[in-house]
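Hi there,

Here is the complex I promised to pass on to you. Have a look at it first, and then read on for what I found in it.

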Amino acid sequence: MPLEIQFSFPLVNGFHARPASIFRDAANRFNSAITFRNQQNNSTANAKSTLALLSTLTKHADPCMLTIHGHDEQVAVDAMRQFIQTEFPRCDESLASASSPHPAGSVPRPLRITKELYYQGMPVSRGIVTSRAFVVQTWIDMPDLSRVAKGTVAEELARLERAFTIVSQRLREQLGATQSEIQLGILKAHLAILEDAELKAKIQDLLHRNQLGAGAAIIAAADHFAGILQHSASVYLQERVLDIRDIAVQLVNELYGKETTNVQPALEHDAVWVAENLSPSQFIALDKQRLKGIVLSQGGSTSHTVILARAFGIPCIVGISDIHRKLKTGQGIVVDAERGLVVPDPSVSVRRFYDFEIENEKDEARRLQQFIDVPATTADGRKMEVAANVGSLDEARLAFRNGAEGIGLFRTELLFMNRTQPPTEEEQFAVYSETARIAGSKRVIIRTLDVGGDKPISYLNLPTEKNPFLGFRAIRMYRDHKEIIDTQLRSILRASAFGNVMIMFPMISSVEEVRTLRDWVRSIMQDLDQKKISYNPAIEIGIMVEIPSVGLIIDQLSRHVDFFSIGSNDLTQYFLAVDRDNDRVGALYNSLAPSFLRFLKDIIDQAHAHGKWIGLCGELGGNALAVPLFVGFGIDEISLSSPGIPKMKSAISKCESTQCKTLLASILEKETPAEVEKLLRESAVRTGDHSLVAKELIRTASRSQTKDEAIRELVHMLYRACRTDDPDQLEEAIWQREDVYSTGIGFHIAIPHCKSEHVFLNSIAVLRCSKGIDWKSLDEQPVTMVLLIAIRADAPGDEHLKMIASLSRKLMDEEFRGQLLSARDAEHIVSQLTTVLG
Amino acid sequence: MMNIVAVTACPTGIAHTYMAAAQLEKAAKKLGHTIKVETQGSMGIENELSEDDIRNADVALFAIGIPVRNRERFDRIKILEVTVQDAIKNPEGVIAKLIG
């Protein structure tokens, strides 16, 4: 009697190459025949074939059934059920792109005003670039094989076999050589397609039945599978066609040489690739130094090419129909992959606009650069360590290049996953000791194995549980797998001889657990002593604070541990009793809940009262908004994923401890997460300067040449100073006022102004321009000084409005104007204005 | 020598209202007139004109970009209306118009 598993398809993007190959791998562990059935469209597939699984066109939430039949069916059904419940739903990476201050679909003002031609598409990899178009008319034509000589069926089969072997070998070599995890995933997916039994069977079948040559059979088979996917309702599946065609072309190239298909065009200069599409292997072959951008008429946000473009940081816009027929090679273009715009032959003002935006981006990158090599320090000189969360040695290397002051969390799970046996002591020792070595004197906190729940590992045979997050996971399964854990502890201890290594235990809920684990460590130390193997006998041992019970016994635990690290994700989830992945209650998950923040403060205060240092290594640590909270808490360390480190250090440098403590006190009195967020957003604590006028809002040598440019420059100054969250909207608000009548008040002065909900802090920003700007002023004189007045929509209190009223009156005073216009530098302008503002 | 009451009011009420008020006060003083200027701006009505102020005045001057609030107060007095811009750019000219 075959066994069955019923389930609803869990992946938002449906079946595509990566999940399908993971599913196949899971099924391949068993001898039983495993059949996948999509009960929505009644398609069935051999679960051990990636292509067959793809061909079921399974979409999110389709009802599905697995049928398992064979001598190991009982084991298989348990394992597959576990796989479908835990590992599989999490195997697809999120495809959301990073947030941008410029929403997709908006059109910047200069482009609207000049009314020049532009094309709109979907931005899928962020960035802005000005370059020349490199237009490719036919990107991946299936070759014309009519003149290729055809051998006997046996000869063609042999050639086919050879081509498969060579392409597969090449993919494997690339797999071994690549440093990029994304490229690795794509190569694996391509290898899975190539080695799919159904693909080869289809080709062989076509070759026999239709008397086709090997090449023609490959193309026909690719068309067959592509045809199925192309008719899928899911855009995502349609995009997988590219992967199949890519493999087919590689095979045909192998059979007949590259001349038969399109020769891969090479970039001779910096250029933007403009074409119908771009296949992943074409992308990999292109010179990334010269590839400045990608504009495609086809394609969605989830193709492998797009994922690669993101990984390489190359701006990419897709879905502009026929764009490859509208542009010419060599034509100057702007690719604005923030908003999704392509502007051919941009006018001077549009070009200046984008130069300004690009320059701002570079400025920001340069500004952050300075934080890489310095320790994180608050405005009042308090140190707060900024460390990195890593999962591998490669990530640790990258982290130190990004300025990590330590490894705050080394997740060791990756070392244990995707294999049939646990890693050996030597394997682990090599990774840990090398990390310790490159860290030098910096801390390397290694967390012992934290699996169960979301991270099943086949050789541990963890039981299927109704509620894995409250079940047999992390240290709770250590006793059953003591050998594995002893091996890990031993390798960490040995690595401690090479640097500042520390041990951290996950999922601790009580003192007994810590006592037991310390005993384990002690007996391994004794063994190492006997064998005269060196380690650091004073190695620090700490625990994760992720189970709420721990929060109430910090005093007791302090007698047994050297440090604490708050795992904010799990702690929030357990504290609020919310499964964040459950659509219905996920919204209740919020690490800024006032109750949670009060809990955190108590934990941190307790740890400090008992002389222990405490860090935070969850997602909350990557939330820039929360930085004043961390400073207010007086937390000792924040650990986050390493690309965010310079920004985090910069944010810390703007915080002042006393201000943050005051802010924290009022935040802890708020009643909802929304109120907390609002207060954090509005608090200018981060800028360190609440005043209406601040030096960072004064620029004395502006190169702006037009009213448009001057307003944009001023708005950007406010954005840089965290005084607005939406520069585009703020600009619009100012122009709305400007359109009523010019704010050029005469006397070479203009005072553009607005009240807007996008202003966090009432502000006056000043620009002194080297060239007079035509502002359509009352006296028709050019403007050399622009004072931008930005007021909050709710304008709390009249104090600032009074100041601005008195400034306005004062501007009518000739002597004051004279002093302002001739002020020596930014400091003098600030002091002039401050005198008036009182 | 005249006794003038004036109201200034601009669309956002942030700046021009107060600039116009300052200009009118300065010009009136220079030309030897007395003036009281009510501002209707972002802080609401300030330096509000009383019934007595208006009854004792020779003429009312509105330097505005939006309708004047409580306009009925001025039902029985001669009103000259100019733009806020006029008042800022040429306050003496505006006051001269009142006399003419």
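Starting with confidence: this is a predicted model, and chain B comes out with a mean pLDDT of 92, with 99% of its residues at 70 or more. For the complex, the predictor reports an ipTM of 0.91 together with a pTM of 0.62. As a general caution, predicted coordinates should not be read in detail where pLDDT is low.

Next, the place where the chains meet. Chain A brings 23 residues to the contact and chain B brings 16. On the side of chain B that touches chain A, the elements giving two or more residues are helix H1 (16-31) and helix H3 (84-89) of chain B. H1(B) supplies the largest share of that side, with six residues. Sorted by class, this side of chain B has nine nonpolar, five polar and two charged residues.

Now to chain A itself. Chain A has 838 residues, of which 47% count as buried, and its secondary structure comprises 32 helices and 26 strands. If you look at contacts in chain A between residues at least 6 apart in sequence, 72% of them join residues at least 24 apart.

I looked at two regions of chain A in more detail.

The first is an open sheet of four strands in chain A, ordered S1-S4-S2-S3 and paired antiparallel. Strand S1 (3-8) and strand S3 (43-46) of chain A are at the edges with a single partner strand each, so each has one side without a neighbour in the sheet. On average, and ignoring direction, neighbouring strands of this sheet are turned by 20 degrees against each other. Helix H3 (residues 73-87) of chain A packs on the sheet, where it touches S1, strand S2 (33-38) and S4 of chain A. The direction of this helix makes about 5 degrees with that of S1(A).

Some pairings in that sheet, if you want to check them on screen:

- S1(A) and strand S4 (residues 63-69) of chain A run antiparallel and are joined by six bridges; Phe7(A) stands opposite Cys64(A) in S4(A).
- S2(A) and S3(A) also run antiparallel, with four bridges between them; here Arg37(A) stands opposite Thr44(A) in S3(A).
- S2(A) and S3(A) form a hairpin with four residues between them, and Asn42(A) in the turn has a positive phi of about 55 degrees.

The second region is built around strand S9 (residues 291-296) of chain A. How many of the six residues of S9(A) are buried? Six of the six are, so to speak, under cover: the strand is mostly covered. Strand S8 (residues 271-275) of chain A runs parallel to S9(A), and five bridges join the two. Ala275(A) has Leu296(A) in S9(A) as its bridge partner. Between these two strands the chain passes through helix H11 (residues 280-285) of chain A, and the resulting β-α-β crossover from S8(A) to S9(A) is right-handed. S9(A) is also joined to strand S10 (residues 316-318) of chain A, by two bridges and in parallel. In that pairing, Val295(A) has Ile317(A) in S10(A) as its bridge partner.

Happy to talk any of this through once you have had a look.

Best wishes

Notes. Residues numbered from 1 in each chain as written. Chains lettered and ligands numbered in written order. Predicted model: local features only at pLDDT ≥ 70, side-chain atom pairs only at ≥ 80, totals over all residues. pLDDT = per-residue confidence, 0-100. Contact = placed C-beta atoms within 7 Å. Nonpolar A, V, L, I, M, F, W, Y, C, P; charged D, E, K, R; others polar. Buried ≥ 20, exposed ≤ 12 C-beta atoms within 10 Å, placed from the backbone. Pairing = 2+ DSSP bridges. Axes fitted to C-alpha atoms, helices over the stretch in contact; angles between N-to-C directions. Right-handed = clockwise from strand over helix to strand, strands pointing away.
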